[in-house]
Amino acid sequence: MAQQDERQAPPADPEHRTTTVEQGPFCFARCVCGWRGPARRARSQARTDATGHPPVPNL
């Protein structure tokens, strides 16, 4: 069962709201724009991925 981390990365762009989600021993960042970061064991690294994720171009 996936669990959300209560801490969220501050949005750099209003269209890019990120959260971290846990799946088993891993945590990954995801954004409302559709971006998803790699699975990490450290929540802090997933949050770092979220704050620096590249924008996904609108198709």
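**Hairpin.** I began with the turn between β2 and β3 in this predicted model, and found that the two strands form a hairpin with 2 residues between them. I looked up the backbone of Gly 24, which lies in the turn, and noted a positive phi of about 60 degrees. I then followed the pairing of β2 with β3, which is antiparallel and runs over 6 bridges. For the register I checked Thr 18 and recorded that Cys 31 in β3 stands opposite Thr 18.

**Helix.** I turned next to α1, residues 43–51, and asked which of its residues are buried. I listed Ala 46, Arg 47, Asp 49 and Ala 50. These four lie on the same side of α1, because the arc they cover around the axis is only 155 degrees. I kept in mind the general background that an α-helix has 3.6 residues a turn, so residues three or four places apart point the same way. I then asked what covers the buried residues of α1, and found that the cover includes β2 (18–23) and β3 (26–31), the two strands of the hairpin.

**Whole chain.** I stepped back to the order of elements, which from the N terminus reads β-β-β-α, giving 1 helix and 3 strands. Of the 59 residues in the chain, I noted that 32% are buried. Among contacts with a separation of 6 or more, I found that 18% come from residues 24 or more positions apart. Last, I looked up the exposed surface of the chain, about 4300 Å², and noted that carbon and sulfur atoms supply 50% of it.

Note on methods:
Residues are numbered from 1 along each chain as its sequence is written. This is a predicted model: local features need pLDDT of at least 70, side-chain atom pairs count only at pLDDT 80 or more; totals for chains, interfaces and linings use all residues. Side-chain values use heavy atoms; hydrogens and water are left out. Buried means under 20% relative accessible area, exposed over 50%, partly exposed in between (1.4 Å probe, protein chains only). The arc is that of the directions from the helix axis to the C-beta atoms. Contact means heavy atoms within 4.5 Å. Accessible areas come from the Shrake-Rupley method with a 1.4 Å probe; for residues, only the protein chains shown count as cover. Two strands pair if DSSP finds at least two bridges between them.
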